[in-house]
Amino acid sequence: MFAEKTGKIILVCLVIALAGAGFLAGYRGASCLWGPKAVALAVDESLDTDADGLADLLEITVHHTDPTRPDTDGDGYADGLEVANGYSPLHGESRRMVDVDTDRDYLNDDWEVKAGTDLTDPDSDGDLYLDGTEVAAAYDPLDPNPVRVSKRIDVDLKTQTLSYYLDEKLVESFPISSGLPGTPSPVGNFSVLDKVPVKHYGGPGFDFPNTKWNLLFHRSGSGTGYYVHGAYWHDNWGHPMSHGCINVPYERMERLYWWAQHGTPVVIR
Ligand SMILES: [Ca+2]
Ligand SMILES: [Ca+2]
Ligand SMILES: [Ca+2]
Ligand SMILES: [Ca+2]
């Protein structure tokens, strides 16, 4: 399933296909089936030819960086350092992987690496549906058959953290702000009931117009709606601040909003 598909054997085969025999001259060790014949090859997965902190195997098969040049995009930062800190080693200008979509398939580079899809191939499984389209609709972008994958939003009130998962693989995790003690967030198993791009929150002592990216997950008996939504009026993340909703930093919430679907499970615990 999913990321497991980029297992060792597949990776080794990709190395053969992409790197060519000349580059592989320095490898020793494992074996791989390629075509009708079994080809014996030795692969040192930790080999880092340009000493940039990113193994050749990952440079070739995952990040599409140059395994012989420590700074592929020439921005002064080594490929390994950029990847470790969430920055794109391909685009310079301090662009983060979540903000870059190299192959323009509507799935950012960070999510492609997590999903195991090819960040330079817009249709990794060759079924004519873009990787991003498949993930948005909860289909496996690595299987040409219409195989569904699960989505889940999980909020831990104790740690004030929201995490969301695709096929049980973590997509993002970050601090949020839940309900204050007098207006607690509901606890339980819910699901996304509605997606509202812009909403006006108001009541005694507060007024927040034009609030973006709202995911309704619960209506109380009195009709009060509870949302996971962006918040622009504070940045006290990791601490309860709200009237019961789950406040999320804006740029995080925009990605979560477009990722979530009607019916996506929301677990508050
Ligand atoms: Ca390297
Ligand atoms: Ca660089
Ligand atoms: Ca992409
Ligand atoms: Ca596809």
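Me: Two strands pair if DSSP finds at least two bridges between them. On that basis, in what order do the strands of the open 5-stranded sheet lie in this predicted model?

Reply: The sheet is open and its pairing is mixed. Its edge strands, β5 (169-175) and β6 (188-191), each pair on one side only. Neighbouring strands are turned by 20° against each other on average, direction ignored. The order is β5-β4-β3-β11-β6.

Me: Which residue in β5 stands opposite Leu166?

Reply: Strand β4 covers residues 161-166 and pairs with β5 in the antiparallel sense. The pairing runs over 6 bridges. Opposite Leu166 in β5 stands Lys169.

Me: Which residue takes a positive phi in the hairpin of β7 and β8?

Reply: β7 (residues 194-203) and β8 (residues 206-219) pair in the antiparallel sense over 8 bridges. Gly203 has Phe206 as its bridge partner in β8. The hairpin has 2 residues between the strands. The residue with a positive phi, near 85°, is Gly205.

Me: How many residues lie between β8 and β9 in their hairpin?

Reply: β8 and β9 (residues 225-230) run antiparallel, joined by 5 bridges. Leu216 stands opposite Tyr227 in β9. In the turn, Gly223 has a positive phi of about 95°. The number of residues between the two strands is 5.

Me: Within what arc do the buried residues of α6 fall, seen down its axis?

Reply: Helix α6 spans residues 250-259, and Met253, Leu256 and Tyr257 are buried in it. These buried residues line one face of the helix, because seen down the axis they fall within an arc of 105°.

Me: Against which elements do the buried residues of α6 pack?

Reply: Residues three or four places apart in an α-helix point the same way, because there are 3.6 residues a turn. In α6 the buried residues are Met253, Leu256 and Tyr257. They pack against β4, β7, β8, β9 and β10 (246-248).

Me: Which element gives the most residues to the largest nonpolar core?

Reply: This core has 31 residues. The elements that give two or more are α4, β3 (151-156), β4, β8, β9, β10, α6 and β11 (265-268). With 4 residues, the one that gives the most is β8.

Me: Where does this core lie with respect to domain 1 and domain 2?

Reply: The residues with the most contacts inside the core are Leu215, Phe217, Val228 and Val248. Domain 1 (2-136) and domain 2 (151-268) both give residues to the core, so its place is between them.

Me: Which residues does Phe217 touch, not counting those up to four places away in sequence?

Reply: Phe217 is one of the residues with the most contacts inside the largest nonpolar core. Sequence neighbours up to four places away are left out of the list. Those it touches are Phe190, Ser191, Val192, Leu193, Tyr226, Tyr227, Val228 and Val266.

Me: Is Ser94 buried or exposed?

Reply: Ser94 lies in the loop between α3 (79-84) and α4 (109-115). Asp75 is 19 residues away in sequence, and 8.1 Å away in space, C-alpha to C-alpha. A residue with 12 or fewer C-beta neighbours within 10 Å is exposed. Ser94 has 11 inside 10 Å, so it counts as exposed.

Me: What share of the residues in the protein is buried?

Reply: The protein has 6 helices and 11 strands. Of contacts between residues at least 6 apart in sequence, 41% join residues at least 24 apart. Among the 269 residues, the buried share is 32%.

Conventions: Residues numbered from 1 in each chain as written. Chains lettered and ligands numbered in written order. Predicted model: local features only at pLDDT ≥ 70, side-chain atom pairs only at ≥ 80, totals over all residues. Axes fitted to C-alpha atoms, helices over the stretch in contact; angles between N-to-C directions. Buried ≥ 20, exposed ≤ 12 C-beta atoms within 10 Å, placed from the backbone. Contact = placed C-beta atoms within 7 Å. Arc of directions from axis to C-beta. Core = buried A, V, L, I, M, F, W, Y, C linked by C-beta atoms within 7 Å. Domains from an automatic or database assignment.
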